[in-house]
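Subject: Structure for you to look at

Hello,

Here is the structure I said I would pass on. Please open it first, then read the notes below next to it.

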Amino acid sequence: MDASAGGGGNSLPTTGADGSKRRVCYFYDAEVGNYYYGQGHPMKPHRIRMTHALLGRYGLLDQMQVLRPHPARDRDLCRFHADDYVAFLRSVTPETQQDQIRALKRFNVGEDCPVFDGLYSFCQTYAGGSVGGAVKLNHGHDIAINWAGGLHHAKKCEASGFCYVNDIVLAILELLKYHQRVLYVDIDIHHGDGVEEAFYTTDRVMTVSFHKFGDYFPGTGDIRDVGHSKGKYYSLNVPLDDGIDDESYQSLFKPIMGKVMEVFNPGAVVLQCGADSLSGDRLGCFNLSIKGHAECVRFMRSFNVPLLLLGGGGYTIRNVARCWCYETGVALGHELTDKMPANEYYEYFGPDYTLHVAPSNMENKNTRHQLDDIRSKLLDNLSKLRHSPSVQFQERPPETELPEVSILLQAIN
C-alpha cells in the first residue's frame, strides 16, 4: 500500500525540505503538575511537569517559543459546554460537593471524574493552552504543542473518562474561524468519543480515531459509525484489538491518513497523542514503542499543514514523559539521544535511564486479514468523498483574545 498519498507522508529526513525547521510554540503552566485527582487515581497531571523537565534537559525549550497559557474564561468554555455545567465546575469544591449530590450525578462528576482542589483552574489552564495553540496556528505558527490538553471524552453537559472540559473541541472551533476544514486524529487507546460526537453532523471537521474496540471504555467507535447528515463519511473509526505493534499500526495509519489528507485536504490538523496506546501502559493493552507512536506525529508533520499536538491518556507516567519529550523532538526535527540526561525525576527512569523502552512480547491479536479488511473498508468510505467539500465562509467570528505570557526559556519549572 502506498503510504505517501497526498503529497506528504514520508518519514522525515534529517535534511531537505521535510527536515526543515518549523515555527513551534509550546504551552506550559508551572502549576499544572500540582493538581491531584486523588489517591489511587490513575490520571496524574504530574506527568506534564516530568515531560517539561525532560524537554529542558534535552535543550528543546530553547528551540521553541515557550508560553504560559492564559486561562480560558467562562465564555470561552461555553462556546461548546452548557452554561449550567460550566457554572457547576466553577463552584463545586471537595468541601461543598456533598451538598450537590443531584448535580454530581447529572454532570457525571464523582468517581472517574472526581472533585478535587483547583478543579476549575485546572480546566481553565489546559483548555487555555489548546485554544491558545489554535490562535497561534491561525497567526502563522507551524506547530503548537499543549501536552496538558487532549481530554477527548468530555461532553457538552458532562464529564467523562477523567475529562471535564473538552479542550480539543474548543481548539477546533477556534481553528474553524480561519480554516474551512479541520482534521482531528486520535491515537489514544480509547475512542475519541467527545470530539466525534461534537462534529458528527458537519463536513467541516473530519474525525479519525484509532482505538481499542470491544468491551472497552467508552464502548463507542464501531467501524460502521461514519457520521450523519452532512457529516456522513466524515467520521472514521479504526477499531483495534489487544497487542497491536508498530508495524501493524502503521500498516493502517499511513495509508488511511495519506488518503484522508488527499481527499479532505484540511487547512489545519489536530493530533491527540494519548500515550496509553504505548506498550506497558497501566490501563492500556497495546504494544506500541515510543518510536512507533511518534511515527504518527512524524507522518502528520510531513504534510506541512498547521499542526496542533495535544496530550491525552497515559498512565505509566515515566513512559508518558518519555513519549511526549521524544515527540516534541520530532515536531522540532531533532533526533534525541537515547541516554537520558540527568534531571530532577531521574529516578523514575531506572534501571536503564534511557528515553526508549522495548515493547513486550505480548500476543498481537490483530491478524493480517483483520487489518486488511479494516483498511479496505475505510479506504472505501473515503472514496465516497470524491473531493474536499466547498464551504461558503460566513463572516468571521470575533477573535479569541488570549494574551499568553512568555516564560523564560531557560527556566525549568
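Two helices count as roughly parallel when the angle between their axes is under 35 degrees. That cut-off is used twice below. Keep in mind throughout that this is a predicted model.

Confidence

The mean pLDDT of the protein is 92, and 88% of the residues reach 70 or more. Two stretches fall below 50. Residues 1–17 have a pLDDT below 50, and in the model this stretch has 35 contacts beyond near neighbours in sequence. Residues 403–413 also have a pLDDT below 50, with 31 contacts counted in that way for the stretch.

Helix packing

Two packed helices are described by the angle between their axes and the distance between the axes. Three pairs are described here, with α9 and α10 each turning up in two of them.

Start with helix α8 (residues 246–264) and helix α9 (residues 290–301). Their axes come within 10 Å and cross at roughly 15 degrees. An angle of roughly 15 degrees is under 35 degrees, so α8 and α9 are roughly parallel to each other. The crossing of α8 past α9 is right-handed. On the α8 side the contact involves Asp 246, Tyr 249, Gln 250, Phe 253, Lys 254, Met 257, Gly 258 and Met 261; on the α9 side it involves Gly 292, Glu 295, Cys 296, Phe 299 and Met 300. Sorted by class, this contact has seven nonpolar, three polar and three charged residues.

Next, α9 with helix α10 (residues 317–332). The axes come within 9 Å and cross at roughly 30 degrees, which makes α9 roughly parallel to α10. This crossing is right-handed. From α9, the residues in contact are Ile 290, Lys 291, His 293, Ala 294, Val 297, Arg 298 and Arg 301. They meet residues of α10 that include Asn 319, Arg 322, Tyr 326, Glu 327 and Val 330. By class there are eight nonpolar, two polar and five charged residues in the contact of α9 with α10.

The remaining pair is helix α1 (residues 46–57) and α10. How do these two lie relative to each other? Their axes come within 8 Å and cross at roughly 45 degrees, and α1 and α10 are therefore oblique to each other. The crossing of α1 and α10 is right-handed. Residues of α1 in the contact include His 46, Ile 48, Met 50, Leu 54 and Leu 55, and those of α10 include Ile 317, Val 320, Ala 321, Trp 324 and Cys 325. The contact of α1 with α10 has nine nonpolar, three polar and three charged residues.

Annotated site

UniProt, in an unreviewed entry, places the feature "binding site" at Asp 188, His 190 and Asp 276. These residues span 89 residues in sequence, yet no two of their C-alpha atoms are more than 8.2 Å apart, so they gather at one spot. Asp 188 is in the loop between β4 (182–186) and α7 (193–198).

Backbone details

Most residues other than glycine have a negative phi, and most peptide bonds are trans. Three places depart from this.

- Phe 217 and Pro 218 are joined by a cis peptide bond, with omega about 0 degrees. Pro 218 sits in the loop between β5 (205–212) and β6 (235–240).
- Gly 350 to Pro 351 is also a cis peptide bond, with omega near 5 degrees. The loop between α10 and α11 (368–383) holds Pro 351.
- Asn 108 is not a glycine but has a positive phi, near 60 degrees. Asn 108 is in the loop between α4 (101–106) and α5 (119–138).

Regards

Technical notes
Residues numbered from 1 in each chain as written. Predicted model: local features only at pLDDT ≥ 70, side-chain atom pairs only at ≥ 80, totals over all residues. Heavy atoms only, no water. Axes fitted to C-alpha atoms, helices over the stretch in contact; angles between N-to-C directions. Helix = DSSP H or I, 4+ residues; strand = E, 2+ residues; numbered from the N terminus. Parallel < 35°, antiparallel > 145°, perpendicular 65-115°, else oblique. Left-handed = near helix turned anticlockwise from the far one by under 90°. Contact = heavy atoms within 4.5 Å. Nonpolar A, V, L, I, M, F, W, Y, C, P; charged D, E, K, R; others polar. pLDDT = per-residue confidence, 0-100. UniProt positions renumbered as here; feature names shortened; annotations may be inferred.
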